[in-house]
Every structure is written in C-alpha cells, then in structure tokens.
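Subject: Structure handover

Hi,

Here is the structure I promised to pass on. Have a look first, and my notes follow underneath.

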Amino acid sequence: MSLWEIIKRLYPYVRPYRPLVIGTLLLTLVGSLAAQVNPFVLRYTVDTVQELLNQNKGLAQGADLLLLVSGLLLGKEIINTFIQFGQKFYGEKIRINVSSTLSQDAVRKILSYQLGFYSDNGNQTGKLQTRIDRGVESLMKLVQNFFIDILPLFANALVALVVMFSANVYVGLVAVCILPLYFWISYRQADKLNGTRRALRGLRETKSQGLVNLIDSAVVIKSFVREDYEEQKQAQAQQNLQEAQLQTRKTNFRYDGLKTFTEQVGVVLIIILTAYLVLDRQISIGAIMFHILLFNNVSAPIRQLHRIYDEMNDALTYSEGFFDILDAHDAVEPTGQLLPDHLRGTFDICNVDFTYPSGTQALHDVCLTIEAGKTTALVGLSGAGKSTIINLLCKFYAPDHGKMLLDGKPLADYDTHALRQQIGLVLQKNHIFKGTIEENIRYGVMDATFEQIQAAAKQAYLHEQIMQLPKQYESDAQQLSGGQQQRIAIARLFLKNPPIIFLDEPTASLDAIATEQIKNSLEAIKQGRTVVIISHSLAQIVDADCIYVMKEGRMVESGTHEQLYDQRGTYREIFDASARSLNIEKLARVMVDDEDEVGDTAA
Ligand code: ADP
C-alpha cells in the first residue's frame with residue numbers, strides 16, 4: 001500500500017472529526033508563529049541593550065526594557081502553553097477516536113465472517129490479533145506523526161526559514177545549504193535502522209512468548225527434567241534481543257552525533273556570517289542571536305526525521321494486513337431471507353460434496369435424511385466427516401455442491417442468525433467464558449431471569465452441585481470440572497430451548513460418572529426435539545432412531561442398530577472394536593458373578 005492509499009483509506013475515519021482537525025491545524029499555525037517570537041524578542045533586547053550602552057545609560061534605563069521583555073516572553077509562553085495543550089490534546093483526541101473506530105470496525109467485520117476465515121493460515125487467533133494491534137498501532141502513529149509531530153515541526157521550520165530569508169537572504173541561504181546534508185544523514189540513519197524497530201519488537205515478542213510457553217509447559221519441563229535446556233533456550237532469545245538492542249543504540253548514537261556536529265557547523269557558519277555582517281554594519285548585533293535561534297527552529301524537525309521515516313515504513317507494512325481484514329468481503333457469512341418461526345427440523349441432504357478452505361475434501365456425495373422429532377446418530381472413525389456434516393447443517397460452511405433442505409426449503413435461503421436461534425449445539429469441549437456460572441448459563445438467553453437460569457441448571461442436573469459451592473451461582477465458571485462445564489453447556493441449551501439439537505461427542509472428554517450424569521441430562525432434553533448425535537459411546541448410539549455410518553467422507557451404511565449390526569459391515573466393525581476395547585466379555589462375567597453372589601446371599 002502506498003502512503004497515498006493509506007491516507008485515502010484513513011480519510012473516512014478522520015472525516016467525522018473535521019472541525020477538530022481544522023482546529024488542530026489552526027493551532028499548529030499559531031504555534032509555529034509563536035515559536036518565532038523568541039528570536040525577535042532576543043534581537044530587540046540585544047539591540048536595545050547595545051543602544052543603551054552606546055548612550056552610556058545604565059541599569060535604571062534598562063529596567064523598563066527588562067520588564068517589557070520578561071512580560072513579552074512570559075506572556076507568549078503562557079499563550080504557548082495553551083496552544084500546545086490544545087494542539088497535542090486535540091491531535092491525541094483525533095488519534096484515540098480514530099483508533100477505537102478502526103479497532104471496533106475490525107471486530108465487527110471479524111464477527112461477520114464465516115468460520116473459514118478464522119481457520120485461514122494468516123488469521124489464526126494470535127496472528128489475527130497481532131495483525132489488528134499492529135495495523136491500528138502503526139496507522140495511529142501515522143496520524144500522530146501528522147498531527148502531533150510532523151506538521152507542527154515542519155510548519156515551525158518553514159515559518160522560521162521564511163523569517164530568516166526575509167531578514168537576510170545570505171543567512172537564509174547558509175541555512176538552506178546545511179539542510180540537504182542534514183537530511184541526507186537522517187535518511188542514512190533511517191535506512192540503516194530500517195526495520196530494526198520491527199525486528200526488535202519481534203524479538204521481544206519471541207522472548208515474552210517463550211516465557212508464556214515456559215509457564216504453560218511447566219509440568220512437562222519438570223517431569224522430563226528439561227530446566228537447563230529451557231533456560232538455555234531463553235538465554236539465546238535474551239542474547240539475540242540484547243545484541244539487536246545494542247546494535248540499534250550504536251547506530252543511533254553514531255548518527256545522532258553526526259547530526260549534532262552538522263548542526264553545530266551550521267551554527268558556526270551562521271555566527272561567522274552574521275558576525276561579519278554586524279562588523280560590516282549591514283545588520284544589528286542582535287541579529288546574531290536572532291538567526292541562531294531561527295536556525296534551531298529549522299533544524300529541530302529534521303532531528304526527528306529518522307524516527308518518523310521508520311514509523312511511516314511501519315504504517316506501510318502493517319496497514320496492508322489490517323485493511324485486508326476489513327476488506328475480506330468474500331468471507332462475510334451468506335444469509336437468506338427466510339425467517340423461520342418454528343422449525344420442525346427435517347433435514348434432507350442429497351449428493352453433498354464439501355471441501356474445507358484448506359483444500360481437504362471432507363465429504364463426498366453424501367446423502368442423508370434427519371427426521372423431525374427423532375434422534376439420528378452419526379457413527380464413524382475419527383476424520384470420517386461427522387462434525388463436518390454438523391458444520392454444514394449450522395451453515396458454518398456452505399457445500400461445494402449438492403442439495404441441503406430444511407423442512408423442504410433450501411438451507412441457504414434461511415436467515416443465518418434466525419436459523420441458528422433454532423439450533424442448539426453441544427460439543428465435546430464447550431467454551432466457558434471468563435465469568436460466573438450465572439453469566440455462562442445466561443449466554444443461552446441473554447435476558448433470562450435468575451429463576452429461569454436456575455431451572456435450566458436443575459434440568460442439566462447441575463443445580464445441586466452449584467449450591468454446594470461457596471459462592472454458588474457467582475462462582476468462577478472456568479474453575480469448574482470438565483463434567484460441570486459440560487453441564488453448563490447443556491443448561492445453556494435448556495435455557496435456549498431450541499427445537500433442533502446437535503450433539504458432537506458431548507461426553508467424550510468426561511469420566512464414567514460424569515458421562516452417566518450427563519446422559520441423564522441429555523435424555524431429558526432429547527424429548528420432542530430433532531437431535532443429531534455424534535458419539536463413540538455405544539450406549540448413546542444404540543438408542544438412536546436412525547444411525548448413519550460414515551467412512552472417509554462417504555455415507556456407507558444406514559439403519560437402526562439391529563439392522564446395521566446384522567449387516568456385518570463398517571458399523572459392526574466399529575461396534576465390535578468398541579466392545580472389545582471395553583473388554584465387555586470380562587465385564588459381563590464380573591457382573592454375572594456379582595449377581596450370582598447377590599442371589600446366593602439372598603437365598
Ligand atoms: P469427524 O467428526 O468424523 O472426526 P471431521 O468432520 O472433523 O471428522 O473431519 C473430516 C475431515 O476434514 C478430516 O480429514 C479433517 O482433518 C478435516 N477437517 C475438519 N475440520 C477442518 C477444518 N476446519 N479445516 C480443514 N480441514 C478440516
């Protein structure tokens with residue numbers, strides 16, 4: 001992106017603050033005029049003092065002058081304080097406002113994108129955040145440079161140069177001759193440091209990321225006794241950072257020295273020239289000070305040039321990634337117009353192919369029917385494509401081709417948000433937000449009353465456990481056990497009360513006791529709803545009204561448990577393997593022995 005393109009993109013964000021921008025620019029102009037007052041006052045002072053001395057007048061006559069000069073300088077400084085405050089504050093106000101609008105825009109856009117956008121390589125959680133943060137940060141530096149740094153400094157320099165020229169063309173010319181050299185050194189400095197700030201930031205992030213990883217992996221590190229190895233890794237990152245920091249400082253100090261020297265050469269040249277002109281009686285003695293102060297005003301902005309140049313480069317680099325996020329129009333979730341009042345939940349899927357944005361084809365020519373009010377189970381080995389079907393049913397992704405109907409109408413025609421209001425989704429591991437149990441259950445219906453939340457928790461067999469916690473519904477939900485968190489997800493579902501429910505291995509990460517309790521909660525919720533369940537648990541599958549068996553993205557068998565069992569196909573293979581893994585024969589024997597013992601005792 002070129003600077004011009006960035007400015008064009010930023011303009012709509014700055015436009016609402018037009019009065020503020022004009023005000024800031026006016027203050028900038030007044031500020032740069034005020035900055036020239038000192039040279040004038042000093043010239044007047046020196047010349048008047050000289051005049052007094054020439055007339056053999058002393059302190060008594062000079063007192064008026066001192067009073068006038070002090071009054072002028074202090075008065076100007078008071079005004080200047082207000083101008084600077086206004087200029088900086090309003091500049092900053094523009095920057096902060098634009099920055100929050102930009103960030104909020106990015107958030108809104110991201111929320112409107114399809115799931116495929118998040119799984120894209122450049123958009124994974126950390127990367128996306130970095131892209132937004134860096135984009136906004138560098139764009140704001142650009143705004144800041146413009147309103148707070150560059151503009152005032154350069155306006156100041158320009159006015160000073162004009163004043164210098166109008167006072168004496170030769171002195172003005174000396175100043176102008178020094179400037180290219182000064183510019184060149186600043187340019188070389190910026191060139192040498194090009195990207196070092198970025199590299200430094202990268203190294204700092206690597207280091208802090210390393211530390212975070214260290215804490216996250218503490219158990220593994222300790223159990224493998226890899227403390228020395230990890231310390232070594234950190235030391236390496238620290239050393240890289242240290243070297244880069246020193247190198248940057250070295251380059252900076254070298255060029256800063258060179259710039260100060262050049263500036264001093266300019267000052268010396270101006271002293272020589274003005275002193276010559278004074279001695280030649282072409283200008284007054286006060287003009288020496290006058291021109292030196294003006295020259296200082298001219299050279300001040302160039303001292304900052306390398307930093308501004310570097311930050312501009314940052315803006316050029318990072319803004320592209322940021323605007324790419326705002327511009328991902330293709331990623332916006334498609335939606336239809338159909339607003340379902342109440343869905344029955346009959347899905348007809350016919351000849352559906354689906355390929356993930358990464359290129360993995362997950363479904364091949366899949367056909368299935370999910371009947372309203374019944375429980376349909378999807379069975380298959382890991383990676384067979386079961387979750388992908390649920391992803392398509394929720395409209396998280398659209399199929400490559402094939403037909404998907406809900407209650408006889410194309411799924412694509414439904415308003416996406418309205419459709420999802422009618423669907424409840426429970427996954428293997430459900431997200432628990434940072435917050436209390438109450439807040440987490442409330443996610444199901446944001447304006448639910450506390451009584452409704454309690455009722456949902458009761459239905460999910462969670463209420464009793466919550467009441468035993470010291471802070472009850474106010475307890476931190478993230479501190480709950482896996483089984484309890486899963487029941488929060490189910491309570492959310494009860495609260496939402498949707499007619500269609502998708503359960504994707506809802507008990508896979510739970511222990512046997514929790515699984516049994518959750519099975520009860522799920523049995524309660526299944527009543528009268530359309531349920532699709534993916535599970536490896538035989539107990540949950542055998543109860544289903546209809547079972548579909550998937551293998552490598554294809555639908556291979558379907559029917560009831562009994563029918564599929566007798567077919568001796570893929571379902572039977574999976575079923576037998578599950579039974580063997582449970583060691584069901586031995587379990588059955590133990591249970592039979594146990595029953596016999598109970599029987600004998602009873603006899
Ligand atoms: P199952 O639920 O049967 O275990 P999935 O539907 O999750 O299987 O996955 C089917 C195939 O699609 C697998 O090959 C998997 O690697 C791939 N897959 C799943 N999710 C994604 C994704 N977000 N991006 C790319 N490929 C995916």
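Starting with the membrane annotation: the unreviewed UniProt entry puts the feature "transmembrane region" at residues 142-163, 169-187 and 260-279. UniProt positions are in the numbering used here, feature names are shortened, and annotations may be inferred rather than shown by experiment. In the model, the span 169-187 is 100% helix and 0% strand, with its end C-alpha atoms 27 Å apart. Residues 260-279 also come out as 100% helix and 0% strand, and there the end C-alpha atoms lie 28 Å apart. (Helices are DSSP runs of H or I with at least four residues, strands are runs of E with at least two, and both are numbered from the N terminus.)

Some housekeeping before the rest. This is a predicted model, with local features needing pLDDT of at least 70 and side-chain atom pairs counting only at pLDDT 80 or more, while totals for chains, interfaces and linings use all residues. Residues are numbered from 1 along each chain as its sequence is written, and side-chain values use heavy atoms, with hydrogens and water left out.

On to the domains. The assignment (automatic or from a database) splits the protein chain into domain 1 (3-331) and domain 2 (347-567). Their C-alpha centres are 55 Å apart.

Now the ligand, probably your favourite part. It has 13 residues around it, the closest being Gly-383, Gly-385, Lys-386, Ser-387 and Thr-388; a residue counts if one of its heavy atoms lies within 4 Å. Helix 13 (residues 386-393) supplies the largest share of this shell, 3 residues. For polar contacts with the ligand (N or O pairs within 3.5 Å), a polar side-chain atom of Thr-388 sits 2.4 Å from a ligand oxygen, and one of Lys-386 is 2.9 Å from a ligand oxygen. Ala-384 takes part through a polar backbone atom, 3.1 Å from an oxygen of the ligand. Taken alone, the ligand exposes 560 Å², and the protein buries 67% of that (Shrake-Rupley, 1.4 Å probe).

Last, some strands. Strand 9 (residues 546-551) runs parallel to strand 3 (residues 375-380), joined by 5 bridges, and Leu-378 stands opposite Tyr-548 there. (Pairing takes at least two DSSP bridges.) Strand 9 is also joined by 5 bridges to strand 10 (residues 554-559), this time antiparallel, with Val-549 opposite Glu-557. The hairpin of strands 9 and 10 has 2 residues between the strands, and Glu-552 takes a positive phi near 45 degrees in it.

Cheers

Definitions and conventions:
A polar contact is a pair of N or O atoms within 3.5 Å; within protein, one must be able to donate a hydrogen and the other to accept it, and residues adjacent in sequence count only if both atoms are side-chain atoms.
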